[in-house]
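Student: I have a structure open and would like to talk through its fold with you. Could we go step by step?

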Amino acid sequence: MTVYVGWSRNTEVTVEIADLGCGAGEIVCLECGGDGDWTKFYPEPETLTEPMRCVDCKGTGRQLVSI
Ligand SMILES: [Zn+2]
């Protein structure tokens, strides 16, 4: 299924969506790829004392969308 993301919701991304009912869907996080780890994007990961959680999914690796 296609989801529309970005500030103006004009970027199309094709993903697998789990239908949770009532118009809610769950997808793999589009920012971190589903591992919930933001450390790979941090410019100086060696300065971190613990792994940084993904900003978008808060470390869960999943996001909710409307379907
Ligand atoms: Zn994420």
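Student: What percentage of the 67 residues in the protein is buried?
Tutor: Happy to start there, and please keep in mind that this is a predicted model. A residue counts as buried if 20 or more other C-beta atoms lie within 10 Å of its own. By that cut-off, the buried share of the 67 residues is 9%.

Student: Which pattern does the protein follow when read along the sequence?
Tutor: Let's take the elements by type: there are zero helices and five strands. Read along the sequence, the pattern is therefore β-β-β-β-β.

Student: Why is the protein said to be more spread out than a compact globule?
Tutor: Good thing to check. The C-alpha atoms fill a box of roughly 40 × 25 × 15 Å along the principal axes. For 67 residues the globule rule gives 11 Å, and the protein is well over that, so it is more spread out than a compact globule, with a radius of gyration of 14 Å.

Student: How many bridges join strand E1 to strand E2?
Tutor: Strand E1 covers residues 2-5 and strand E2 covers residues 11-14, and the two run antiparallel. One place to look is Tyr4, which stands opposite Glu12 in E2. The bridges joining E1 to E2 number four.

Student: Which residue in the hairpin of E1 and E2 takes a positive phi near 100 degrees?
Tutor: The hairpin has five residues between its strands. The residue with that phi is Gly6.

Student: And what is the phi of Arg9, a residue other than glycine?
Tutor: Most residues other than glycine have a negative phi. Arg9 lies in the loop between E1 and E2, and Arg9 is exposed because 9 other C-beta atoms lie within 10 Å. Its phi is positive, near 55 degrees.

Student: Which strands are at the edges of the open sheet?
Tutor: This open sheet has three strands in the order E3-E4-E5, with antiparallel pairing. Each edge strand pairs on one side only, and these are E3 (18-21) and E5 (62-66).

Student: By how many degrees are neighbouring strands of this sheet turned against each other on average?
Tutor: E4 (residues 24-28) and E5 are one such pair, joined by five bridges. With direction ignored, the average turn between neighbouring strands is 35 degrees.

Student: Is Cys22 buried or exposed?
Tutor: Cys22 is in the loop between E3 and E4. It has a positive phi of about 55 degrees although it is not a glycine. With 6 other C-beta atoms within 10 Å, Cys22 is exposed.

Student: Which residue is the bridge partner of Val28 in E5?
Tutor: Look at the residue in strand E5 that touches Glu26, Val28, Cys29 and Cys57, not counting residues up to four places away in sequence. It has 13 other C-beta atoms within 10 Å, so it counts as partly exposed. The bridge partner of Val28 is Arg62.

Student: How far is the C-alpha atom of Arg62 from that of Ile27?
Tutor: Along the chain, Arg62 and Ile27 are 35 residues apart. In space, their C-alpha atoms are separated by 5.7 Å.

Student: One last residue: is Ser66 buried or exposed?
Tutor: Ser66 has its place in strand E5. Its C-alpha atom is separated by 13 Å from that of Glu16, which is 50 residues apart from it along the chain. Ser66 has 8 C-beta neighbours inside 10 Å, so it counts as exposed.

Definitions and conventions. Residues are numbered from 1 along each chain as its sequence is written. This is a predicted model: local features need pLDDT of at least 70, side-chain atom pairs count only at pLDDT 80 or more; totals for chains, interfaces and linings use all residues. The radius of gyration is taken over C-alpha atoms; the globule rule is 2.2 Å times the number of residues to the power 0.38. A residue is buried if 20 or more other C-beta atoms lie within 10 Å of its own, exposed if 12 or fewer, and partly exposed in between; C-beta atoms are placed from the backbone. Two strands pair if DSSP finds at least two bridges between them. Axes are lines fitted to C-alpha atoms, for helices over the stretch in contact, and angles run from 0 to 180 degrees between N-to-C directions. Two residues are in contact if their C-beta atoms, placed from the backbone, lie within 7 Å.
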